[in-house]
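Me: I want to go through this model at the bench, one feature at a time. Can you take my questions in turn?

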Amino acid sequence: MSFAWLLRRLLLMVYTVVIVCVLVFAITQALPADAAQTLLGENASPEALAAVRARLGLNDPVWLQLAHWVARAATGNFGVSMRTGLAVAPEMLTALSRSLLLAAGALVVTLLIAVPLGIFAALRQGRPTDTATSVVAYLGVSLPEFVTATVLALLLTDILPWLPATGYVSPLEDSGLALRHLVLPVLTVSVILVAHVMRMMRSETLDVLQSDYVRAARLKGLPERTVLVRHVMRNALLPVITIVALDVGYLLGGIIVIEEIFAIPGIGRALMIAITTRDLPSIQAGAMIMAVTYAITNTLADVVYALLDRRIRYD
């Protein structure tokens with residue numbers, strides 16, 4: 001991995017973010033919502049509406065509005081929320097931090113469970129343990145999120161009364177209580193992710209076990225543990241990295257159901273409220289923050305790819 005390749009990846013990430021920026025602006029402009037009407041209400045006079053449109057620059061050409069918006073967004077200024085009257089960026093970044101905390105916890109639990117189980121199932125291909133793990137994986141994929149969340153909430157809160165069913169507490173306020181509030185949502189998300197990652201890990205491990213370099217390592221007399229860790233797991237993890245990177249997009253925007261059920265004020269929930277109330281600055285900020293986070297994650301995945309397997313070269 002050279003500096004030139006890394007620079008190209010960073011430039012490609014910036015290019016992607018710029019394209020997303022233009023698309024987000026175009027889509028929000030096409031929404032059937034009048035910013036001035038939303039701010040002043042249905043009973044506002046035409047004179048008041050005209051004054052607000054002039055103040056917000058809504059009478060300017062679309063290309064000029066886009067240029068102004070991109071210039072402000074580049075400095076982190078996404079304007080003021082039409083719903084709360086507060087600055088949009090701090091609200092969305094705070095919501096993003098809550099979703100990232102949930103996502104990080106779910107990814108850690110997923111990797112700790114799915115990777116060993118996937119390898120374990122591959123090493124016992126065709127045996128009852130392999131069948132059992134496959135059934136669990138299919139169940140995890142098949143069950144809807146709200147079913148998994150409801151079942152876990154009903155079961156675990158009865159078994160463990162100290163476990164809160166809903167709500168969110170910042171780790172900065174009370175780390176112990178915050179951890180207890182995250183247990184149920186993290187487990188719910190992990191059930192779905194473990195199923196995906198475990199199936200991928202099992203499939204890739206089976207392919208790697210049949211490769212020539214694994215046979216050669218065993219013929220050299222290397223211990224089985226060394227073969228599994230240095231040769232099998234390292235190469236089988238490469239496609240898993242892609243799955244995890246793609247799952248970040250799901251974790252940021254696709255877990256709105258989980259955030260609603262467990263009352264977590266994350267980025268997905270904040271974006272849904274903004275869409276429902278036609279809060280255009282919040283919609284734009286939420287979409288852009290999620291896009292930037294997703295682009296950074298995919299770039300990091302490419303970097304990890306190149307570090308794990310030196311044979312990989314990106315042209």
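Reply: Start with a definition: buried means under 20% relative accessible area, exposed means over 50%, and partly exposed lies in between. Keep in mind that this is a predicted model.

Me: Is Leu31 buried, partly exposed or exposed?
Reply: Leu31 sits in the loop between α1 and α2 (35–40). Its relative accessible area is 33%. That value falls between the 20% and 50% cut-offs, so Leu31 is partly exposed.

Me: Which residues make the nonpolar surface patch with Leu31, and what is its area?
Reply: Leu31 shares the patch with Leu12, Tyr15, Ile19, Leu23 and Ile27. A patch residue needs over 30% relative accessible area, and Leu31 has 33%. The patch covers about 560 Å².

Me: What space lies in the second largest pocket?
Reply: The lining of this pocket counts 17 residues. Closest to the centre are Val17, Ala73, Ala74, Met288 and Val292. The space in the second largest pocket is about 320 Å³.

Me: Which elements give two or more residues to that lining?
Reply: By class, the lining has 16 nonpolar residues, 1 polar residue and no charged ones. Four helices are listed as giving two or more residues. They are α1 (3–30), α4 (62–74), α5 (88–123) and α13 (280–308).

Me: Where is Leu172, and is it buried or exposed?
Reply: Leu172 belongs to the loop between α7 (145–159) and α8 (175–209). Its relative accessible area is 84%. The cut-off for exposed is over 50%, so Leu172 is exposed.

Me: What distance separates the C-alpha atoms of Leu172 and Ser211?
Reply: Along the chain, Leu172 and Ser211 are 39 residues apart. In space, their C-alpha atoms are separated by 49 Å.

Me: How many salt bridges does the structure hold?
Reply: Among them are Asp130 with Arg202 at 2.7 Å, N to O. Glu260 with Arg269 is another, at 3.5 Å. The total is 4.

Me: Which parts does the Asp130 and Arg202 pair tie together?
Reply: The side chains of Asp130 and Arg202 meet in a salt bridge. Asp130 is buried at 4% relative accessibility, whereas Arg202 is partly exposed at 21%. The two residues are 72 apart in sequence, so the pair links helix α6 (residues 128–142) with helix α8.

Me: Which helix holds both Asp212 and Arg215?
Reply: Their side chains meet in a salt bridge of 3.0 Å, N to O. Asp212 is exposed at 60%, and Arg215 is partly exposed at 43%. The residues lie 3 apart, about one turn, in helix α9 (residues 212–219).

Me: Are Glu260 and Arg269 exposed, partly exposed or buried?
Reply: Glu260 has 39% relative accessibility. Arg269 has 23%. Values from 20% to 50% fall in the middle class, so Glu260 and Arg269 are partly exposed.

Me: What is the phi of Ala263, and why remark on it?
Reply: Most residues other than glycine have a negative phi. Ala263 is not a glycine, yet its phi is positive. Ala263 is in the loop between α11 (256–261) and α12 (267–276), and is partly exposed at 28%. Its phi is about 55°.

Methods: Residues numbered from 1 in each chain as written. Predicted model: local features only at pLDDT ≥ 70, side-chain atom pairs only at ≥ 80, totals over all residues. Heavy atoms only, no water. 1 Å grid on protein atoms, 1.4 Å probe; cavity = no way out; pocket = protein on both sides within 12 Å on 5 of 7 lines; lining within 4 Å. Points joined across faces, edges and corners; volume = space filled by probe spheres on them. Nonpolar A, V, L, I, M, F, W, Y, C, P; charged D, E, K, R; others polar. Patch = residues over 30% accessible without salt bridge, like charges linked within 9 Å, V, L, I, M, F, W, Y side chains within 5 Å. Areas by Shrake-Rupley, 256 points an atom, 1.4 Å probe, with all protein chains shown as cover. Buried < 20%, exposed > 50% of the residue type's maximum accessible area, 1.4 Å probe, protein only.
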